[in-house]
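Q: I'd like to learn how to read the features of a protein model, one by one. Could we start with the core and work outwards?

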Amino acid sequence: MDVDELIDYGLGRETTGGVMRLPDIVEWAEENFYVIETARPIKLAPHQKDILRLITEQRPDGGFRWRNVLYSTIKKSGKTTISALYARWAAETWGPFQEVY
């Protein structure tokens with residue numbers, strides 16, 4: 001196993017036919033993303049899981065299905081936390097030279 005394969009394995013990424021498959025964002029979040037106020041792993045509501053899986057869906061060529069996403073909901077419903085979760089997932093799983101802003 002070379003270094004790149006070892007890194008991919010450690011980050012939970014898969015390569016299928018030369019295309020990188022990213023780890024499921026919901027599973028990753030429930031194992032790795034802690035909410036500061038509770039000091040516990042995040043517990044996502046069913047609709048949040050569906051939204052996260054939808055916006056991270058990959059095409060057969062490995063690119064994301066959606067280029068832009070607009071997520072709107074009522075106040076105090078976790079939008080900032082979901083945004084932080086997505087940014088951290090991207091930073092930790094997309095590989096080297098990725099920018100999150």
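A: Happily. The largest nonpolar core has 16 residues, and those touching the most other members are Ala29, Ile42, Leu44, Leu52, Leu85 and Trp89. A nonpolar core here is a set of buried Ala, Val, Leu, Ile, Met, Phe, Trp, Tyr and Cys residues joined through side-chain atoms within 4.5 Å. Two or more residues of this core come from each of helix 2 (25-32), helix 3 and helix 4. Please keep in mind that this is a predicted model, in which local features need pLDDT of at least 70, side-chain atom pairs count only at pLDDT 80 or more, and totals for chains, interfaces and linings use all residues. Residues are numbered from 1 along each chain as its sequence is written, and side-chain values use heavy atoms, with hydrogens and water left out.

Q: Which residues is Ala29 in contact with, leaving aside its neighbours within four places in sequence?
A: Contact means heavy atoms within 4.5 Å. By that rule, Ala29 is in contact with Ile42, Leu44 and Leu85 once neighbours within four places in sequence are set aside.

Q: How many helices and strands does the protein chain have?
A: Helices (H or I, at least four residues) and strands (E, at least two) are DSSP runs, numbered from the N terminus. The protein chain has four of each, helices and strands. Read from the N terminus, their order is α-β-β-α-β-β-α-α.

Q: What share of the protein chain counts as buried?
A: Buried means under 20% relative accessible area, exposed over 50%, and partly exposed in between, with a 1.4 Å probe and protein chains only. Of the 101 residues in the protein chain, 26% count as buried.

Q: How should I read a pair of aromatic rings?
A: Two values describe such a pair: the distance of the centres and the angle of the planes. Rings of Phe, Tyr and Trp (its six-membered ring) pair if their centres lie within 6.5 Å; planes under 30 degrees apart count as stacked, over 60 as edge-to-face and the rest as tilted. Searching the whole structure gives five aromatic pairs. One of them joins Tyr86 and Trp89, a tilted pair at 5.7 Å centre to centre with 45 degrees between the planes. These two residues are separated by about one helical turn, because Tyr86 and Trp89 are three residues apart in helix 4. Tyr86 also pairs with Trp94: the centres are 6.3 Å apart and the planes at 85 degrees, so this pair is edge-to-face.

Q: Which residues form one aromatic cluster?
A: Phe64, Tyr86, Trp89 and Trp94 do. Within it, Trp89 is buried at 1% relative accessible area, whereas Tyr86 is partly exposed at 24%.

Q: How many salt bridges does a search of the whole structure find?
A: A salt bridge is a side-chain nitrogen of Lys or Arg within 4 Å of a carboxyl oxygen of Asp or Glu. The search finds five. One of them joins Arg53 to Asp24, with the closest N and O atoms 2.9 Å apart. Arg53 lies in helix 3 and Asp24 in the loop between strand 2 (19-21) and helix 2, so this bridge ties together parts that are 29 residues apart in sequence.

Q: Where do Lys49 and Glu30 lie?
A: Lys49 and Glu30 form a salt bridge, with 3.5 Å between the closest N and O atoms. Lys49 is in helix 3 and Glu30 in helix 2, so the pair ties together parts 19 residues apart in sequence. Arg88 and Glu92 form another bridge, at 2.6 Å between the closest N and O atoms. Arg88 and Glu92 are about one helical turn apart, because four residues separate their positions in helix 4.

Q: Why might a positive phi catch my eye?
A: Most residues other than glycine have a negative phi. Ala39, although not a glycine, has a positive phi of about 55 degrees. Ala39 sits in the loop between strand 3 (34-35) and strand 4 (40-41), and is exposed at 58% relative accessibility. Lys76 is not a glycine either, and has a positive phi of about 60 degrees. Lys76 lies in the loop between helix 3 and helix 4 and is exposed, with a relative accessible area of 86%.
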